[in-house]
Number of protein chains: 2
Amino acid sequence: MHRKLIESFGIRVRQCREKRGWSQERLAEYSGLDRSYVGEIERGRVIASIVTVQKLAQALNIDLADLLTNCGPPSGPGRSN
Amino acid sequence: MHRKLIESFGIRVRQCREKRGWSQERLAEYSGLDRSYVGEIERGRVIASIVTVQKLAQALNIDLADLLTNCGPPSGPGRSN
């Protein structure tokens, strides 16, 4: 049950990142996370905390809850390519 | 910044629990978490993972994203007092 949450969250992070045309390096840079950790999150290998979710959501310029449920639109103003 | 997220999440878990008239013991029982851990979460002393958020949301019978943003209505069917 929780496996699905972890994997779908990782897929969603990847979708949001790719929608913005960003590399994992760029998302890591914007979110202040380690690049390999971003990769682990996207592969569903690690369980993110709500703080990590917030860091990613802020970097992607979407709502924290959106990142957990859907990808939301590509970032408006905020961070562009 | 993240301090605020952790504390507001804790407050929201407490609000949702108290709205249902549950003790921490009951929420711990329903969510499969340790009672003292539920207390730590409510006091903003620990950073919950998305799996913990899911366990709490399921116990409270509300949407995971709702638990992160607002308390949502008291549980419908699902767990009653």
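Me: Which residues touch the most other members of the largest nonpolar core?

Reply: In this predicted model, that would be A:Phe9, A:Leu67, B:Phe9 and B:Leu67. The core they belong to has 48 residues.

Me: Nice. Take A:Leu67, then: what is it in contact with, leaving aside neighbours within four places in sequence?

Reply: A:Phe9 is one of its partners, along with A:Arg12, A:Val13 and A:Cys16. A:Leu67 is also in contact with A:Val53, A:Leu56, A:Ala57, A:Leu60 and A:Ile62.

Me: Can we zoom out a bit? How many helices and strands does chain A have?

Reply: Five helices and zero strands. Along the sequence, the pattern reads α-α-α-α-α.

Me: And what percentage of chain A is buried?

Reply: Of its 81 residues, 51% are buried. As for contacts in chain A between residues at least 6 apart in sequence, 56% join residues at least 24 apart.

Me: On to the interface. How many residues of each chain are in contact with the other chain?

Reply: There are 19 from chain A and 19 from chain B. Between them, the two chains bury an area of about 1700 Å², and carbon and sulfur atoms give 79% of that. On the chain A side, A:His2, A:Leu5 and A:Ile50 supply 36% of the area buried against chain B, more than any other three residues.

Me: Which helices of chain A supply at least two residues of that side?

Reply: Three of them: H1 (2-19), H4 (50-60) and H5 (64-69). H4(A) has the largest share, with six residues. Sorted by class, the side of chain A that touches chain B has 12 nonpolar, five polar and two charged residues.

Me: What's the salt bridge count between the chains?

Reply: Zero. For polar contacts across the interface, though, the rule finds four residue pairs, both residues being at pLDDT 80 or more.

Me: Let me look at B:Leu5. Where does it sit?

Reply: B:Leu5 is in helix H1 of chain B, residues 2-19.

Me: Why does B:Leu5 count as buried?

Reply: Because its relative accessible area is 9%, and the cut-off for buried is under 20%.

Me: What is B:Leu5 in contact with, beyond its neighbours within four places in sequence?

Reply: A:Ile50, A:Val51, A:Gln54 and A:Leu64. Within chain B, B:Leu5 and B:Ile47 are 42 residues apart in sequence, with their C-alpha atoms 9.3 Å apart in space.

Me: While we're on chain B, how many residues of H4 are buried?

Reply: Nine of 11, so H4(B), residues 50-60, is mostly covered. The buried ones are B:Ile50, B:Val51, B:Thr52, B:Val53, B:Gln54, B:Leu56, B:Ala57, B:Ala59 and B:Leu60.

Me: What caps the N-terminal end of H4(B)?

Reply: B:Ser49 does, with a side-chain oxygen 3.2 Å from the backbone nitrogen of B:Val51. After the helix comes B:Asn61, which has a positive phi, near 60°.

Me: Last one, A:Arg17. Is that buried or exposed?

Reply: Buried, because its relative accessibility is 7%. A:Arg17 is in helix H1 of chain A.

Me: What does the side chain of A:Arg17 make a polar contact with?

Reply: The side chain of A:Glu42, at 2.6 Å. Not counting residues up to four places away in sequence, A:Arg17 also touches A:Trp22, A:Ser23, A:Gln24, A:Leu27 and A:Leu60.

How values were computed:
Residues are numbered from 1 along each chain as its sequence is written. Chains are lettered from A and ligands numbered from 1 in the order in which they are written. This is a predicted model: local features need pLDDT of at least 70, side-chain atom pairs count only at pLDDT 80 or more; totals for chains, interfaces and linings use all residues. Side-chain values use heavy atoms; hydrogens and water are left out. Buried means under 20% relative accessible area, exposed over 50%, partly exposed in between (1.4 Å probe, protein chains only). Helices (H or I, at least four residues) and strands (E, at least two) are DSSP runs, numbered from the N terminus. A polar contact is a pair of N or O atoms within 3.5 Å; within protein, one must be able to donate a hydrogen and the other to accept it, and residues adjacent in sequence count only if both atoms are side-chain atoms. Contact means heavy atoms within 4.5 Å. Buried area is the accessible area (1.4 Å probe) that two parts lose on being put together, summed over both. A salt bridge is a side-chain nitrogen of Lys or Arg within 4 Å of a carboxyl oxygen of Asp or Glu. Ala, Val, Leu, Ile, Met, Phe, Trp, Tyr, Cys and Pro count as nonpolar, Asp, Glu, Lys and Arg as charged, and the others, Gly among them, as polar. A nonpolar core is a set of buried Ala, Val, Leu, Ile, Met, Phe, Trp, Tyr and Cys residues joined through side-chain atoms within 4.5 Å.
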